[in-house]
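Biologist: Hi! Could you walk me through this one while I have it open on my screen?

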Amino acid sequence: MQFMLLFSRQGKLRLQKWYVPLCDKEKKKITRELVQTVLARKPKMCSFLEWRDLKIVYKRYASLYFCCAIEDQDNELITLEIIHRYVELLDKYFGSVCELDIIFNFEKAYFILDEFLLGGEAQETSKKNVLKAIEQADLLQEDAKEAETPRSVLEEIGLT
Amino acid sequence: MSDVVEKTLSALPGLFDSQTGAARITSRLRQLVKSITELTSKNEEESLIKQELSSMKEQVSSPNTSMMREIMVRAMYCEMLGYDASFTYIHAIKLAQQGGVLEKRVGYLAVSLFLNEGHELLLLLVNTVLKDLQSTNVIEAYMALTVVAQVFPKDMIPAVLPLLEDKLSYPKEIIRRKAVLALYKFYLIAPNQVQHIHAKFRKALCDRDPGVMTSSLHIYLQLITESPDDYKDLTGSFVTILKQVVGGKLPVDFNYHNVPAPWLQIQLLRILSLLGKEDRSTSELMYEVLDESLRRAEMNHNITYAILYECVKAIYTIHPKAELLEKAARCIGNFVLSPKINLRYLGLKALTYVVQHDAKLALQHQMTIIECLDHTDFTIKRETLELLFRITNAQNVTVIVEKMLDFLHGCSDEHTIIHLVGKVAELAEKFAPDNSWFIQTMNDVFSTGGDLLQQDVPNNFLRLLAEGSESKEEDDQLRLYAVNSYLTVLKGDASHLPQRFLQVMSWVLGEYAHLQESVDQREVIRLLTQLLDQRSVSSETRVWILSALTKISEGQTDLILDLAESLSSSQDTVLRQQAQELRQLSQDSQLYEWVLPRGAPWDSMEVDSSLSFLDGFVSEALAAGAAPYKPPHQRQEELCEDRALNLEPYSFSLPVSLSSCSITDRQSPTLLSVSSGLSGNSTELSQKAGSSTLILEGVKRVWGRDGYLRQNETTAPPVDEPSAAVQPSGQQEAAERLEPQPEPSTQNQDKLQLASSLFVGLGAGSSMSLLGKSEAPPPRFRKKPRPHESSSSSSSGTSERSSDSSSRSSHSTTDSFLYGSLLEEEPATSISAFSHTPKSSTANGLAQNKDTKEDRRANTSQILGGDMVIVRPNTFQDKHPSLVSSDLTALLPADLKDLPHSDVISLTSDPSLSLSSCRLFRDEALLLVILISNCTETVIKDVAVQLTCEELETASLRGNVMNCLEGNSTSVCHYALLMDEPHTNVSFTGTVSYQTQPGHTNTLSFSGTLSAADFIRPLVVSTEEYGKLWLSLSHDVKQNLKLLTDASDPLRTTLNALKDALQLHVVDIIGSEGIVACRLLSGAPCLLHCRVNGAALAMWLRSPHPALPDCILYHCQRALAQH
């Protein structure tokens, strides 16, 4: 996978993950073009799109569009299911996810994505394992929050 | 799923109140997001963000890390909105470094979002990553791995590699999994660096955790794509894994909608199809599991279809098995007939893939295909056209091209236009039923494709017109038709026409307007002159137009003088110069005859690519004190030297400095490359520098050694009998004898008609197969056979040489063009450029071509003699009953006897011939000696060897063609090969053709690999010189290697082992350090600095060439591993 974009029906970008090194200018250009093209498509049309030398696979969930760019030899259907699995993960984590969850907790959405896809390849496809990993990291975060001051002192003495 | 996400912005206020649960929001971010959603205009947003960014700038240096974390999140948000927050990048790195786990997580995330591989700040992250990888805290190690697998600077890979290797055996599977993926990433960006840990990949493949195993498949897919042959032994394991997965042996966790591990299945199916491709025995191992996969995937869900699609592709890729093919074909039917549009798209895609193997499959689905052709969805339409492109033949070409052009007229996407227009041009060239259709279609191509068109489309078209086919009469008809058509176009409104089209038209009119006798030439001149006045015409096109005018201006002095007058004040210097030439030519009819001889064959010109006629001028200039010319790469080299402040001369000469250019140096590389662009005719001379749009072929060449070349009666190439004419009525006839359609009653009559014209020629009855197994209709524009090179210098080879000497690629495009039209059933892309070269005559020509190259090489190495190019068969009449391992030196020519050489290895054999090869190491080249021995008692005739290797350059060859080879004798042929760019391994292929009985040609193909080690030569320098050179080199690589510790002096033993394997020169050994030097043939040097570091050898390599150190390092690792 080359990149993944999440944007709203109004064309606002909600999440972007690039797996190929591109300069900012190029990224902006691609985003603008793709958002326009995808939003212009009608609901009955198929979820695939040939764009430049890439294949775009997109799917709309409520007000959010999930959009992935893959190479020509990649399997479009499985990419569609990657999107779906990601939505399932978000849904399970946030508990009935909505666009606002992603807007306000976009860093969490990124953490989940990084746990699911790494470097553009599916890393862990078991839902349970992904969520376990995230929860572990979150748990640590909770602990840290509860004992913020003493812990950093501890860390300075012992852990680092 | 859609029911899950149904909250909208109306839920906003409620969310803000709830601080618990999933929607926990950091306060400042919440504020920011909230205020942005309340804004109405872009301007307001901009000013708000500006404010936000400046307040962040103030706080950003705060030591409070938890505040920093919050700032980072806001910075990410601003960047996502498209604003620049680059001042926070450095702080993201700092946060990852200094923060506790909580902050680190955000810091690493910010880094992976902000920076990409090449960003210089990333270097600052390396230490943090190293520290975290060694941390006892699993979470820290795991966050570091996550970032390494996403962004990591290529140069620093050696630093983390040992740590990653350790992580492969870490107890926690999540760590192992991430380490595998990080290694995969490294493999993608720097494959040579991870060569030595392939054994560990195998361990990951056998990991007890299915997740780790799945991750390792990414690496294997990549490795197997690159070299399937190396991994055939794993086929059994992959098949077993797939069997277990399909059989539901994995934990239920990995199920996705009740389908066991679909991602894993798809990955395995891909790997299997790569392994089984063109390999019968490997394919047989997987038939059973493929069958089972097809059978198990029954559920009606996207995910099963994804697996089925991959299965079908695999079945059609590997060695075919009838039973499976049948099942797969049925499966495609499910896709194509599905009401779901996504599945239908996949069905079309599968069909497009499958019709290459079996065109008849398209017949079963013709009505669906036609429906898809009229579909409202652009994507579906385009995929359908792609499918139609694959099934085009001479009978349905007009309908299919019409459909494609219809689509193009309504399309605005640049990439699609470029892509499809190229296909239309390709089809038109291959299958055109008649002249008028061809020219009309090409007109459409040029006006639709416009200036986006790939340059080779107009080039091929013009070349086709210029070279002609086998019959002059037919050619002239085609040209005449083109002229008429263009005159009509130009009489209309030409202002909207694309530049490329205008260029094509003006070239054709310039060359062939005289064929049209009923139109006054003055009218043509008037039309072209009109174009010159139009503002929309680019200055490049003006040059084309003016060249055309020059060609048809004969006898129209008054018009031309007017024109030249009006242009002589043009601001464009090129136009002014051309106008001046035009004036001169029109006043001197004798000169005009020389420069633009009418009716001379296009390929009869001798090109003086060395521009020797300028010698006088150059020597005068030099005598007057001008500085001698230096080629650009030499100037570059000098600049580099200046930068490194290395003021003393090197004690040994780098190759470039040897090729100093004097005027006697006629064949210097630069002169060649310059001259090929200017090889002489009025069009090209007036061409602007750097413009790549000129067609070299097919234009009259009139510059020679003595300036303008007078055209004496050159013998026209033999014109062959016209080929069997194409019946224009063939299409209708074929359409009539179409097979009965399935269920004709229910189908709409129009569609049926369309179907009959689209799918004509695909049925079994019409005996046409797309793979060209059965007869094909004669192509419209078959190339005339190339005249024999040896007959005279006025042959096509001459023009080819000019392009060949400047670049290899142009040579190969020439070839693919040439043979492209002969293989009309295949898309042109699959045509290999060299394999079709006719043997003896062209082999001769090849040697001639090499002539120029050879001389060029001679400048650099000063070793190769000019006589190397003469093809001289060395048949040894003395009897050698058994060849392999017999005394090689007895067979070699005297001048090669003393060279170091490898063992003789057998390449291939058949009942008549046996081939073996041996490598001889000459300083400036690798000699690949091929020994051809006749195993029979009888004489073998017309033996010709053809060797191909894309990565290497052949400097010379000897003995590759011989008229006869006596029974039981052996002949030697050898190729001097050069490696300009380092490649770790290169493979070569070749064929030997020979005749045991007259008229019956056999071919024997062979292949082999050469390693970079064959091209490495010792570089003898003193320690002092080494030191100087070291400082001047820029590209370096460091890595720890294995030290051979079993001897008393490990360093010396290790270096000697390397020296034996790689022909390195050990310059000096001082204490625990050793310095070693080598070079790539007589080219780029590479210096190695080795130091004993505990039980390892720390190696530091430097070279002016960026890829050479990696390559040498790889071979060092191998040499030590094998020791």
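Modeller: Happy to; below we go through the chains, their contact and a few residues.

Modeller: One thing to keep in mind is that this is a predicted model.

Biologist: Good to know. What secondary structure does chain A have?

Modeller: Chain A has 6 helices and 7 strands. Starting at the N terminus, its elements follow the order β-β-α-β-β-β-α-α-α-β-β-α-α.

Biologist: And how much of chain A is buried?

Modeller: Of the 160 residues in chain A, 63% are buried. The chain exposes about 6,400 Å², with carbon and sulfur atoms supplying 52% of that.

Biologist: Now chain B, please. How many helices and strands there?

Modeller: Chain B comes to 46 helices and 20 strands. It has 1123 residues, and 54% of them are buried. Its exposed area is about 48,500 Å², and carbon and sulfur atoms give 50% of it.

Biologist: What share of the chain B contacts join residues at least 24 apart?

Modeller: That share is 66%, counting contacts between residues at least 6 apart in sequence. In chain A, the corresponding figure is 48%.

Biologist: Let's move to the interface. How many residues does each chain bring to the contact?

Modeller: Chain A brings 78 residues and chain B brings 82 residues. On the chain A side, A:Glu50, A:Leu77 and A:Phe104 supply 10% of the area that chain A buries against chain B, which is more than any other three residues.

Biologist: What is the area buried between the two chains?

Modeller: About 7,400 Å² is buried between chain A and chain B, and carbon and sulfur atoms give 57% of it.

Biologist: How many polar contacts and salt bridges cross over?

Modeller: There are 26 residue pairs in polar contact between chain A and chain B, and 9 salt bridges across the interface. Helix α5 of chain A, residues 127–146, gives the most to the side that touches chain B, with 13 residues. By class, that side of chain A has 32 nonpolar, 14 polar and 32 charged residues.

Biologist: Can you point me to particular salt bridges between the chains?

Modeller: One is between A:Arg41 and B:Asp377, at 2.8 Å from N to O. Another pairs B:Arg177 with A:Glu124 at 2.4 Å, N to O.

Biologist: Where do B:Arg177 and A:Glu124 sit?

Modeller: B:Arg177 is in helix α10 of chain B (residues 173–189), while A:Glu124 is in the loop between β7 (121–122) and α5 of chain A, so this pair joins two chains.

Biologist: Are those two buried or exposed?

Modeller: Both B:Arg177 and A:Glu124 are buried.

Biologist: What about a salt bridge inside chain B?

Modeller: Try B:Glu117 and B:Lys185, whose closest N and O atoms are 2.8 Å apart. B:Glu117 lies in the loop between α6 (101–114) and α7 (126–134), and B:Lys185 in helix α10, so the pair ties together parts of chain B that are 68 residues apart in sequence. B:Lys185 is buried, at 10% relative accessible area, whereas B:Glu117 counts as partly exposed at 21% relative accessibility.

Biologist: And one within a single helix?

Modeller: B:Asp476 and B:Arg479 form a salt bridge at 3.2 Å, N to O. They are 3 residues apart in helix α26 (residues 472–491) of chain B, so about one helical turn separates them. B:Arg479 is buried, at 9% relative accessibility. There is also a network of salt bridges with shared partners that joins A:Lys55, A:Asp72, A:Glu76 and B:Lys349.

Biologist: Change of topic: which residues have a positive phi without being glycine?

Modeller: Among them are B:His257, with phi near 50°, and B:Asn968, with phi near 55°. B:His257 is in the loop between β1 (255–256) and β2 (259–260) of chain B, and B:Asn968 is in the loop between β11 (961–965) and β12 (970–978) of chain B.

Biologist: How accessible are they?

Modeller: B:His257 is partly exposed at 32% relative accessibility. B:Asn968 has 19%, and the limit for buried is under 20%, so B:Asn968 counts as buried.

Biologist: Last one: what does A:Thr31 touch?

Modeller: Beyond its neighbours within four places in sequence, A:Thr31 is in contact with A:Leu5, A:Leu13 and A:Trp18. A:Thr31 lies in helix α1 of chain A, residues 24–39, and is buried at 11% relative accessibility.

Technical notes:
Residues are numbered from 1 along each chain as its sequence is written. Chains are lettered from A and ligands numbered from 1 in the order in which they are written. This is a predicted model: local features need pLDDT of at least 70, side-chain atom pairs count only at pLDDT 80 or more; totals for chains, interfaces and linings use all residues. Side-chain values use heavy atoms; hydrogens and water are left out. Contact means heavy atoms within 4.5 Å. Buried area is the accessible area (1.4 Å probe) that two parts lose on being put together, summed over both. A salt bridge is a side-chain nitrogen of Lys or Arg within 4 Å of a carboxyl oxygen of Asp or Glu. A polar contact is a pair of N or O atoms within 3.5 Å; within protein, one must be able to donate a hydrogen and the other to accept it, and residues adjacent in sequence count only if both atoms are side-chain atoms. Helices (H or I, at least four residues) and strands (E, at least two) are DSSP runs, numbered from the N terminus. Ala, Val, Leu, Ile, Met, Phe, Trp, Tyr, Cys and Pro count as nonpolar, Asp, Glu, Lys and Arg as charged, and the others, Gly among them, as polar. Buried means under 20% relative accessible area, exposed over 50%, partly exposed in between (1.4 Å probe, protein chains only). Accessible areas come from the Shrake-Rupley method with a 1.4 Å probe; for residues, only the protein chains shown count as cover.
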